[in-house]
Amino acid sequence: MIGLFIATLTQALTLIPLALGINLSYTILRATDMTIDGSFVLGAGVFAQLVSLGVSPYLAFLAAMLAGALAGAFTAFLQHKGKVDALLAGILSSFILYSVNMAIMGRPNINLLNSPSLFSTAFAQNNLMGWSAVCALVLILALGFYALLQSRLGLYLRAFGDNPKLLARQGLNIETLRTLGFGLNNLLAAASGAITAQIIGYADINMGVGMTLVGIGAIILGQHLILPCIKTHYLRTRTELLSAFIGIAIYFFILNGLLRFNINPIYLKLMLGVLLALFLRAATQKAKLS
Amino acid sequence: MITTLLTFKDIHLNYPALERPILQKINYSVQAGDFVIVLGANGSGKSSLLKLIDGRYQPSQGQILLEHKNIHRLSAKNRAHHIHTLTQSAQDNLFLNLTLFENYQLLARNPKERKKKGLEAEIIFLKEYLKDFNPNLCDKLSMLVGRLSGGEQQALALALAVLDPPAILLLDEHTSALDPKTAAHLMALTANIIAQKKITALLTTHNTQHALNYGTRILALREGEILDCIEGKAKKELDHASLLERCY
Ligand SMILES: Nc1ncnc2c1ncn2[C@@H]1O[C@H](COP(=O)(O)OP(=O)(O)OP(=O)(O)O)[C@@H](O)[C@H]1O
Ligand SMILES: [Mg+2]
């Protein structure tokens, strides 16, 4: 049982930035941004390739996040100039990113076990130190994100997601907001990809498949569990972040639980898919009532 | 001293697919402090006229001056600072999936001074301020605005619009989706605030009673052209029968 908890926590930890990014796109910008499937791999790929070329992991991590932000900006660009809706623009981006990622990585899989990572000195001491370092990095990202959402810019992003026309009439440049919003959520997804690659020890071209879906399912589940407990909306940013944490943790708890029942891995996605469908259904039913 | 705030100079608004222009030969000026009631049948161009003023539409010909500046040459931000529009549909006026307080933060024109006093003070101020518009709003600051009733939404939209009064307030049938009693109440409130805060306003309506009771001038449109202008003593002495005759 303790093993199950530890597996859950460690896996959930690496995906928290991704969950925050999805919280931004799905809850705040009100768009299903499939770019994330691609930018998650992009983050892992850029990090892995740079590190294996001998670049410092710190620089490589920054480059990975920047690459993610660019991917998101590209999705925003497609929506604006290509007049494509957010869902389609994201699918298009992640489609294109498959080639980009392949070109960056040069091969479908890059092994990182013998390369330095952001956490290698910490893990060299002991596991606890290692995980604390991961925790610290995730916490820094989460706090930065929280501060941003609490700022005026965060309010504008929310308003953009709700009613871009009205916001434009206030004289705000909504294309800038779109670019910032989609850039930021993919920056977070790329950060998750780069952290995951360091923890599992490799970057793989297919590691992002279904990430958007997992993230959305998780945050909906989290909101579902938390929102009824908290009434006031002054705290909604905090509630949202908390529900992202809890949702992603529960998802991995269930995933690892299933693995322990010796489920044939062939059926794993089928079962998780059904589970996500149930989460989504439960959430929409509750939405009708409130 | 009377100053001309808004001048329409030979405004035409065409739409390629339409036979006749949406608006044509509009020459009109609005003085500071005027409260203009715009009347006309469905499709006569009332809403289009207001959309030209707030920049949602561009004229095909002619220009609209705000004091001496072409409104369509102003930056969107600058224009939004001077002009505020409310329409009958809530999603034009408010962010429905945001809370009441967030709407206040976004829509108040000049929140800086109040913000300095801190969140608590701001909340207390807002509750007190909203009381005059609709007492129901006071304890709903953290509620999503989409969950308010239509009447509450329009009262809120008006309250936020005039908190830091714009130079020009445009009201496009802002009471038309409300029940008669609520509509009458909101209309009286609107007229009160416009007079009290000395806002220059243009209001479109199909409610002839409102047109008789409120406003300093009437502008009647027919098929995109100015049909009649009624102001001053003639406006005060206007009765229902002659209004119908002159304006439709
Ligand atoms: N964007 C547009 N595209 C095409 N036609 C338009 C557009 N805007 C307005 N029109 C046309 O211009 C005419 C005037 O419309 P407008 O909405 O200004 O009328 P109105 O006087 O406000 O009518 P109502 O009383 O029904 O609100 C209508 O025939 C309308 O179809
Ligand atoms: Mg109209």
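**Close-up views of selected sites**

**View 1. B:Cys247 is a buried residue, at 1% relative accessibility.** Buried here stands for under 20% relative accessible area, exposed for over 50%, and partly exposed for values in between (1.4 Å probe, protein chains only). The structure shown is a predicted model, in which local features need pLDDT of at least 70 and side-chain atom pairs count only at pLDDT 80 or more, while totals for chains, interfaces and linings use all residues. Residues are numbered from 1 along each chain as its sequence is written, chains are lettered from A and ligands numbered from 1 in the order in which they are written, and side-chain values use heavy atoms, without hydrogens and water.

**View 2. The cysteines B:Cys229 and B:Cys247 are unpaired, because their sulfur atoms are too far apart for a bond.** The closest cysteine sulfur to that of B:Cys247 belongs to B:Cys229, at 9.6 Å. Seen from B:Cys229, the closest cysteine sulfur is in turn that of B:Cys247. B:Cys229 is partly exposed, with 31% relative accessibility, whereas B:Cys247 is buried. Over all chains, the count of disulfides (cysteine sulfur atoms within 2.5 Å) is zero.

**View 3. Ligand 1 is surrounded by 14 residues, each with a heavy atom within 4 Å of the ligand.** B:Asn42, B:Lys46, B:Ser47, B:Ser48 and B:His206 come nearest to ligand 1. Polar contacts in these views are pairs of N or O atoms within 3.5 Å; within protein, one atom must be able to donate a hydrogen and the other to accept it, and residues adjacent in sequence count only through two side-chain atoms. A polar backbone atom of B:Gly43 is 2.8 Å from an oxygen atom of ligand 1. The backbone of B:Gly45 also places a polar atom 3.0 Å from an oxygen atom of the ligand. From B:Glu173, a polar atom of the side chain lies 3.3 Å from an oxygen atom of ligand 1.

**View 4. B:Ser44 lies in the loop between β3 (35-39) and α1 (46-53) of chain B.** Helices (H or I, at least four residues) and strands (E, at least two) are DSSP runs numbered from the N terminus. B:Ser44 counts as buried, with a relative accessibility of 3%. A polar atom of the B:Ser44 side chain is 2.7 Å from the backbone oxygen of B:Ala41.

**View 5. In chain A, helix α9 carries A:Ser192.** The relative accessibility of A:Ser192 is 0%, and the residue is therefore counted as buried. Its side chain reaches the backbone nitrogen of A:Leu18, at a distance of 3.0 Å.

**View 6. B:Asp10 and B:Glu67 have positive phi values although neither is a glycine.** For B:Asp10, phi is about 50°. This residue belongs to strand β1 (residues 4-13) of chain B and is partly exposed, at 29% relative accessibility. For B:Glu67, phi is near 50°. B:Glu67 sits in the loop between β4 (61-66) and β5 (69-70) of chain B, and its relative accessible area of 44% makes it partly exposed.

**View 7. B:His210 is part of helix α9 (residues 208-213) of chain B.** With 8% relative accessibility, B:His210 is buried. B:Met187 is 23 residues away from B:His210 in sequence, and their C-alpha atoms are 7.6 Å apart in space.

**View 8. The second largest pocket holds about 750 Å³ of space.** It is lined by 28 residues, of which A:Met207, A:Met211, A:Tyr251, A:Phe252 and A:Leu255 are the closest to its centre. Two or more lining residues come from each of the following elements of chain A: α1 (2-28), α9 (174-200), β2 (202-204), α10 (211-226), α11 (236-260) and α12 (268-289). On a 1 Å grid over the protein atoms alone, a pocket is an open set of points with protein on both sides within 12 Å along at least five of seven lines; a cavity is a set where a 1.4 Å probe fits but cannot get out, and lining residues have an atom within 4 Å of a point.

**View 9. One cavity of 30 Å³ or more is found in the whole structure.** The volume of the largest cavity, the space filled by probe spheres set on points joined across faces, edges and corners, is about 40 Å³. Its lining consists of A:Arg152 together with B:Tyr104, B:Gln105, B:Pro111, B:Lys115 and B:Glu122.
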